[in-house]
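Subject: Structure for your review

Dear colleague,

Please find below the structure that I am handing over to you. My notes on it follow.

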Amino acid sequence: MSRLQGKRTLITGGTSGIGLETARQFLAEGARVIVTGVNPDSIAKARTELGSEVLVLSADSASVEAQRELAKAVQTHYGQLDIAFLNAGVSVWAPIEEWTEAMFDRSFDINVKGPYFLIQSLLPVLAKPASVVLNTSVNAHVGAARSSVYAATKAALLNMAKTLSGELLGSGIRVNAVSPGPVETPLYDKLGIPEAYRDQVNRDIAATIPFGRFGTPEEVAKAVLYLASDESRWTVGSEIIVDGGRLLNG
């Protein structure tokens, strides 16, 4: 298959989970790939796994200056960019009583501010046409307890797919979103759930999904691949929900 043959692509948060799997699928479809990460171990592992043709960069999504530097690096490496999958993010769940201003700001910095200013910084680099895909979440639609800040960040990001589509379409840039339900990724390992309760939490989460299980990074990456490719050239400001039916339960 060569649905992305020769396409110059950027995947943020591409050293693990959905981002890493998307990088694998993009490569299999003929794309040229740059991925970013922040964890040195994950960066080293991704370099080994993805091969020497893939540029793996360290970039902190919370830093606007890092986004500008990333855009410069992309321009230096490619000249222009055909596809950007903005996938880097954090998932912090806590009751409202436990949130501090610093925690709140960091979640919004990584999940909203960073992607917004990365898109801004990439405007001179994006080709015409180009596809931008934002990784949001079904939590933008679900009123799950303890998710107030995380869900708010993802709702903001989802809205960008719509508002920026209307603003940038005249420049040949399509913006769309993929919204996963619970997926088996390292993100869930970062929620601070004690090991003794992990199995029970996983069972509780799976019970909210009509399909009866977590999704896989592969299943989400297939939707990203569609939105990135020319097959979706008439899809603008849209959202593909990949959630095993999670939203059926409200």
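Does N111 count as buried or exposed? In this predicted model, N111 counts as buried, because its relative accessibility is 1% and the cut-off for buried is under 20%. The residue belongs to helix α4. Its side chain reaches the backbone nitrogen of V90 at a distance of 2.9 Å. Leaving aside residues up to four places away in sequence, N111 touches G89, V90, Y150, T153, K154 and L157.

One of these contacts, Y150, also takes part in an aromatic pair. A pair of aromatic rings is described by the distance of the centres and the angle of the planes. The count of aromatic pairs comes to three. In one of them, the ring centres of W93 and Y150 are 6.0 Å apart and the planes stand at 35 degrees, so this pair is tilted. The two residues are 57 residues apart, and the pair links distant parts of the chain: W93 is in the loop between β4 (81-86) and α4 (101-122), whereas Y150 is in helix α5 (residues 148-168). Y150 is buried, with a relative accessible area of 8%, while W93 is partly exposed at 24%.

Another aromatic pair is formed by Y116 and F117, with 5.4 Å from centre to centre and 80 degrees between the planes, which is edge-to-face. Y116 has a relative accessible area of 37% and is partly exposed; F117, at 22%, also counts as partly exposed.

I turn next to the nonpolar cores. In soluble globular proteins, nonpolar side chains tend to be buried together. The largest nonpolar core here has 29 residues, and those with the most contacts inside it are L10, V74, L81, L122, V132, L134 and V175. At least two residues of this core come from each of α3 (64-78), β4, α4, β5 (126-135), α5 and β6 (173-180). Helix α5 gives the most, with six residues.

V74 may serve as an example from this core. Not counting residues up to four places away in sequence, V74 touches L10, I34, G79, L81 and V125. A second core, separate from the one above, has 25 residues, among them F26, A31, V54 and L225.

When you open the model, you may wish to begin with N111 in helix α4 and then follow its contact with Y150 to the tilted pair that Y150 forms with W93.

With kind regards

Technical notes:
Residues are numbered from 1 along each chain as its sequence is written. This is a predicted model: local features need pLDDT of at least 70, side-chain atom pairs count only at pLDDT 80 or more; totals for chains, interfaces and linings use all residues. Side-chain values use heavy atoms; hydrogens and water are left out. Rings of Phe, Tyr and Trp (its six-membered ring) pair if their centres lie within 6.5 Å; planes under 30 degrees apart count as stacked, over 60 as edge-to-face and the rest as tilted. Helices (H or I, at least four residues) and strands (E, at least two) are DSSP runs, numbered from the N terminus. Buried means under 20% relative accessible area, exposed over 50%, partly exposed in between (1.4 Å probe, protein chains only). A nonpolar core is a set of buried Ala, Val, Leu, Ile, Met, Phe, Trp, Tyr and Cys residues joined through side-chain atoms within 4.5 Å. Contact means heavy atoms within 4.5 Å. A polar contact is a pair of N or O atoms within 3.5 Å; within protein, one must be able to donate a hydrogen and the other to accept it, and residues adjacent in sequence count only if both atoms are side-chain atoms.
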